[in-house]
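Work through these exercises with the model open beside you. Try each task before reading its solution.

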Amino acid sequence: MSKNTQPIVQIVDLVQIYKGKVETIALPGINLKINRGERVVIRGKSGIGKTTLLHCLAGILKPSAGKIIIENRNIVDFNEDQLADYRCTTVGLIYQSYNLAPFLTVEENIEFPMVIAKIRREKRKDRILELVDLLEIERYLNQKPPYLSGGEQQRVAIAVALANKPAIILADEPTGNLDTETSDQVYKLLSNMCIAHNTTLVMASHDPEAKSYADREIVLSKLKSHDL
Ligand SMILES: Nc1ncnc2c1ncn2[C@@H]1O[C@H](COP(=O)(O)OP(=O)(O)O)[C@@H](O)[C@H]1O
Ligand SMILES: [Mg+2]
C-alpha cells in the first residue's frame, strides 16, 4: 500500500478574532499538521478555541487570517459552491448535541447527506445498510431520534457523518452529554471506524480519557501564538 506522506491537514498561522463589544482572540495564530488517518484530540479549557478551530476546519467559519490546506487546497479561498461541496463530501461533523433532524426517521437522517451529494437511490440504500450494520442501529431505522437514548442518537449521528465516506471526521465534544460507559463506547466506535477506513479524526474534548483513543493529543493554551 502506498503511503501518502503529505499531511491531509495543514493549518498555517490561523487567526480568528471575534469582533463585538469586546474583541476575542479565539485563535492566536496556530500552526498544525495532521497526517492522513491520524486521530487527534484537541484538548483545552472551555473557551480556549476548540469549537472555533473545528468550525474553521469544517468550512463553516472563515477565519480572520491564515491558511487551512486540506488535501493540497486552501479552503479559506473557496467560494460558496466549493465550500458546500467540501462540507458535504470531505468532512463529517459530529456534535455533542447529536444534531439529528427530529422529524425524520433514523434512515432518513442517514440518507440525507447522500441525497445532498446526489448519490443514486440504490447506492444510498446499500450504504445505509452497511452503516446500520457497522453501528448496530438497524433496529432503530424507522424510529425518530427523540425516542432514542443519547448513546443511540450519537451512533446515528456517527452514521450520518460517515455516510459520504469523508476523509476527515470532526467531532466536537462528542461524548459531552453521555455517561462514562457510553462515552467509552462512542470513543471506541469512532476510533475503530477511523482506523478501519484510514479516516482522519479531529476530536475536541475536555475529557482526559479521550486521548487513550487517539494517536496524538494537542493542548490549546492561552499562548499568544503557537506551533502545535
Ligand atoms: N460567535 C462568537 N462571537 C463572539 N465570540 C465568540 C463566538 N464564538 C466563540 N466566541 C469566543 O471565542 C472563544 C473561544 O470559543 P470556543 O471556540 O467556543 O471555545 P471552546 O470550544 O474551546 O470552549 C471564547 O472566548 C468564546 O466566548
Ligand atoms: Mg466548544
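In which strand is the place of D13? D13 sits in strand β1. This is a predicted model: local features need pLDDT of at least 70, side-chain atom pairs count only at pLDDT 80 or more, and totals for chains, interfaces and linings use all residues. Residues are numbered from 1 along each chain as its sequence is written, chains are lettered from A and ligands numbered from 1 in the order in which they are written, and side-chain values use heavy atoms, with hydrogens and water left out.

**Exercise 1. Two backbone angles**

Task: find phi for D13 and for N198, then place each residue.

Solution.
Step 1. Recall the general rule: most residues other than glycine have a negative phi.
Step 2. Read D13. Its phi is positive, near 45°. D13 belongs to strand β1; helices (H or I, at least four residues) and strands (E, at least two) are DSSP runs, numbered from the N terminus.
Step 3. Classify D13. Its relative accessibility is 45%, so D13 is partly exposed. The classes are buried (under 20% relative accessible area), exposed (over 50%) and partly exposed (in between), with a 1.4 Å probe and protein chains only.
Step 4. Read N198. Its phi is also a positive value, near 55°. N198 is in the loop between α6 and β8.
Step 5. Classify N198. A relative accessible area of 41% makes N198 partly exposed.

**Exercise 2. Helix α6 from end to end**

Task: check the span of helix α6, then find what caps its N-terminal end and what covers its buried residues.

Solution.
Step 1. Count the residues. Helix α6 covers residues 180-197, which is 18 residues.
Step 2. Work out the expected span, which is 1.5 Å times one less than the number of residues. For α6 this gives 26 Å, and the end C-alpha atoms are 26 Å apart, so the two agree.
Step 3. Look at the start. D179 caps the N-terminal end, with a side-chain oxygen 3.1 Å from the backbone nitrogen of E181. Here a polar contact is a pair of N or O atoms within 3.5 Å; within protein, one must be able to donate a hydrogen and the other to accept it, and residues adjacent in sequence count only if both atoms are side-chain atoms.
Step 4. Look at the other end. N198 follows α6.
Step 5. List the buried residues. They are T182, S183, V186, Y187, L189, L190, S191, M193 and C194.
Step 6. Find their cover. It includes β3 (39-43), β6 (91-95), α4 (121-135), α5 (150-162), β7 (168-172) and β8 (200-204). Contact means heavy atoms within 4.5 Å.

**Exercise 3. Three side chains**

Task: are L162, Q16 and R39 buried or exposed, and what does each touch?

Solution. Residues up to four places away in sequence are not counted as contacts here.
Step 1. L162 is in helix α5. At 9% relative accessibility, L162 is buried. L162 touches R127, L131, I169 and M193. L162 and L190 are 28 residues apart in sequence, yet 10.0 Å apart C-alpha to C-alpha.
Step 2. Q16 is in strand β1, residues 9-18. Q16 is buried, at 5%. Its contacts include T24, A26, T52 and S64. A polar side-chain atom of Q16 lies 3.2 Å from the backbone nitrogen of S64. The C-alpha atoms of Q16 and C56 are 8.8 Å apart, with their positions 40 residues apart along the chain.
Step 3. R39 is in strand β3. Its relative accessible area is 12%, so R39 is buried. The R39 side chain reaches the backbone oxygen of Y213 at 3.0 Å. Among the residues that R39 touches are S191 and C194, both buried residues of α6.

**Exercise 4. The shell around ligand 1**

Task: which residues surround ligand 1, and which element gives the most to the shell?

Solution.
Step 1. List the shell: Y18, T24, A26, K45, S46, G47, I48, G49, K50, T51 and T52. A residue is near a molecule if one of its heavy atoms lies within 4 Å of it.
Step 2. Sort the shell. Three residues are nonpolar, six polar and two charged. Ala, Val, Leu, Ile, Met, Phe, Trp, Tyr, Cys and Pro count as nonpolar, Asp, Glu, Lys and Arg as charged, and the others, Gly among them, as polar.
Step 3. Assign elements. β2 (24-34) and α1 (50-57) each supply at least two residues. α1 gives the most, with three.
Step 4. Find contacts to ligand oxygen atoms. A backbone N or O atom of G47 is at 2.6 Å, a polar backbone atom of G49 at 3.1 Å, and a side-chain N or O atom of T51 at 2.8 Å.
Step 5. Read the cover. Taken alone, ligand 1 exposes 560 Å², and the protein buries 57% of that. Accessible areas come from the Shrake-Rupley method with a 1.4 Å probe; for residues, only the protein chains shown count as cover.
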